[in-house]
Structure formats: structure tokens, C-alpha cells
Amino acid sequence: ARAMPSALAGRDVLAGAATGSGKTLAFGLPMLASIAANGARPGPGLPRGLVLAPTRELARQIAAALEPVATGLGLRVAAVYGGAKIGRQIDRFRSGVDIVIATPGRLIDLMERGVAGLDGVTVAVIDEADHMADMGFLPDVTRIIDATPTGRQCMLFSATLDRRVQGLTTRYL
């Protein structure tokens with residue numbers, strides 16, 4: 001409830017909340033509203049929304065939570081993560097997606113293959129930032145966020161807000 005007004009206003013957001021507290025909808029609904037209001041369709045491989053998640057399970061969970069609302073708004077969501085056939089993910093990406101929910105390693109793989117471009121991202125979310133730090137993903141996260149436009153909205157959600165997460169907030173929010 002405290003994060004959504006700022007997120008809906010297009011401001012950067014730093015939120016610390018326990019697992020299961022509604023973080024996905026707190027960043028997802030404002031992201032969907034912003035992208036739907038913009039109206040411009042993405043080009044192939046150029047999403048307008050980006051959510052980084054530490055695990056494929058979480059990426060699938062986020063996609064499942066956002067997809068019904070996205071579909072109702074005429075938006076397309078794709079989850080890309082390791083452990084799944086990359087060819088299908090490439091095809092989905094090339095057909096045009098509005099929001100990509102990705103694990104860092106798979107998204108970098110798609111970027112290096114020239115399939116994914118982040119120049120059109122207007123909203124970027126780092127979900128479970130503390131978990132990403134625990135897994136050693138912060139260099140990949142910074143590489144990805146550095147590839148997005150500097151004027152984009154950035155939201156960082158985490159169960160804990162420690163020194164490692166503070167480095168991301170200082171750099172991107």
C-alpha cells in the first residue's frame with residue numbers, strides 16, 4: 001500500500017517487505033498501468049518493462065501473477081530463464097513482448113545473441129535483490145540495468161535491505 005502511490009506516479013521505489021506480502025502486485029500493477037497508458041507497441045526483442053528475478057520458479061510465479069491483468073490490457077508478458085528451451089524463448093521474444101520477466105543469466109544470454117535489446121525499457125524492477133546478492137548475481141544485475149535507458153523508472157523490492165542492496169539503491173534509484 002505504501003509503495004503503489006509512488007510507483008503509479010512514476011517515481012523510483014525502494015521497498016522492503018516480507019515474502020508473501022504482495023510485492024509482485026505492488027510493482028506489477030503500476031508497471032502494467034504505465035505501459036498500457038503509453039500505448040506504443042514494442043518492436044521485436046524490445047520490451048518496455050523488465051523484471052529481474054533470481055530463480056526460474058520466481059520468474060514463472062511473477063509471470064503467472066501478471067499475465068491475466070496484462071492480457072486484459074492487451075499486453076504481452078514473457079518469462080525467460082535457464083533450464084528451459086532457449087529456442088522457444090527466442091521465438092517469443094522476437095514476436096514482441098511488452099514485459100519480460102527474466103533471470104539475469106538467461107537475459108544476458110539473449111542480449112549477447114542479439115535477441116534482446118533493453119533500449120525501450122521504461123520500467124525496470126529488481127525483485128528479491130537480497131536473494132540476487134546471496135546468489136552472486138549483482139554483477140549481472142548491474143550489467144542489465146546499465147543497458148536500460150537512464151530515464152527509466154526503477155523499482156527495487158527486497159525482503160531485507162542490507163549493505164549489498166544499498167549499493168544498488170545508490171546506483172539506480
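## A first question

Does Arg92 count as buried, partly exposed or exposed, and at what relative accessibility? Arg92 counts as partly exposed, because its relative accessibility is 35%, and partly exposed residues fall between the 20% and 50% cut-offs. Welcome to this structure, which is a predicted model. The sections below start with confidence, then follow the charged pairs, and end with a few other residues.

## How confident is the model?

The chain has a mean pLDDT of 92, and 99% of its residues reach 70 or more. Confidence varies along the chain: it is lowest in α8, where the mean is 87, and highest in β2, where the mean is 98.

## A pair between two helices

Let us return to Arg92. Its partner in a salt bridge is Glu67, and the closest N and O atoms of the two are 3.9 Å apart. Arg92 sits in helix α4 while Glu67 sits in helix α3 (residues 56-72), so this pair ties together parts of the chain that are 25 residues apart in sequence. Glu67 counts as partly exposed because its relative accessibility is 33%. The structure has nine salt bridges in total.

## A network around Asp98

Another place to look is Asp98, found in the loop between α4 (86-94) and β4 (99-102). Asp98 forms a salt bridge with Arg48, and here the closest N and O atoms are 2.5 Å apart. Arg48 belongs to the loop between α2 and β2 (49-52), and this pair links distant parts of the chain, 50 residues apart. Both Asp98 and Arg48 are buried. For Asp98 the relative accessible area is 0%, so the residue falls under the 20% cut-off for buried.

Asp98 also meets Arg76 in a salt bridge, at 3.9 Å from N to O. Arg76 lies in the loop between α3 and β3 (77-80), so its bridge to Asp98 ties together parts that are 22 residues apart in sequence. Arg76 is partly exposed, because its relative accessible area is 31%. Through shared partners, the salt bridges join Arg48, Arg76 and Asp98 into one network.

## Two residues and their contacts

Which residues does Thr24 contact, leaving aside neighbours within four places in sequence? The answer is Leu29, Ile62, Ala65 and Leu66. Thr24 is part of helix α2 (residues 23-38). With a relative accessibility of 18%, Thr24 counts as buried, because buried means under 20%.

Ala79 is a residue of strand β3. Not counting residues up to four places away in sequence, Ala79 touches Ala59, Ala63, Gln89 and Ile101. Ala79 counts as partly exposed, because its relative accessibility is 23%. If you would like a distance to look for in the structure, try Ala79 and Arg56: they are 23 residues apart in sequence, and their C-alpha atoms are 8.4 Å apart in space.

## A nonpolar patch on the surface

Our last stop is at the surface. Leu14, Leu161 and Leu173 make a nonpolar surface patch of about 250 Å². One of these residues, Leu161, lies in the loop between β6 (153-158) and α8 (163-172). Leu161 is partly exposed because its relative accessible area is 47%, and residues in such patches have over 30%.

How values were computed:
Residues numbered from 1 in each chain as written. Predicted model: local features only at pLDDT ≥ 70, side-chain atom pairs only at ≥ 80, totals over all residues. Heavy atoms only, no water. Helix = DSSP H or I, 4+ residues; strand = E, 2+ residues; numbered from the N terminus. Buried < 20%, exposed > 50% of the residue type's maximum accessible area, 1.4 Å probe, protein only. Contact = heavy atoms within 4.5 Å. Patch = residues over 30% accessible without salt bridge, like charges linked within 9 Å, V, L, I, M, F, W, Y side chains within 5 Å. Areas by Shrake-Rupley, 256 points an atom, 1.4 Å probe, with all protein chains shown as cover. Salt bridge = Lys/Arg side-chain N within 4 Å of Asp/Glu carboxyl O. pLDDT = per-residue confidence, 0-100.
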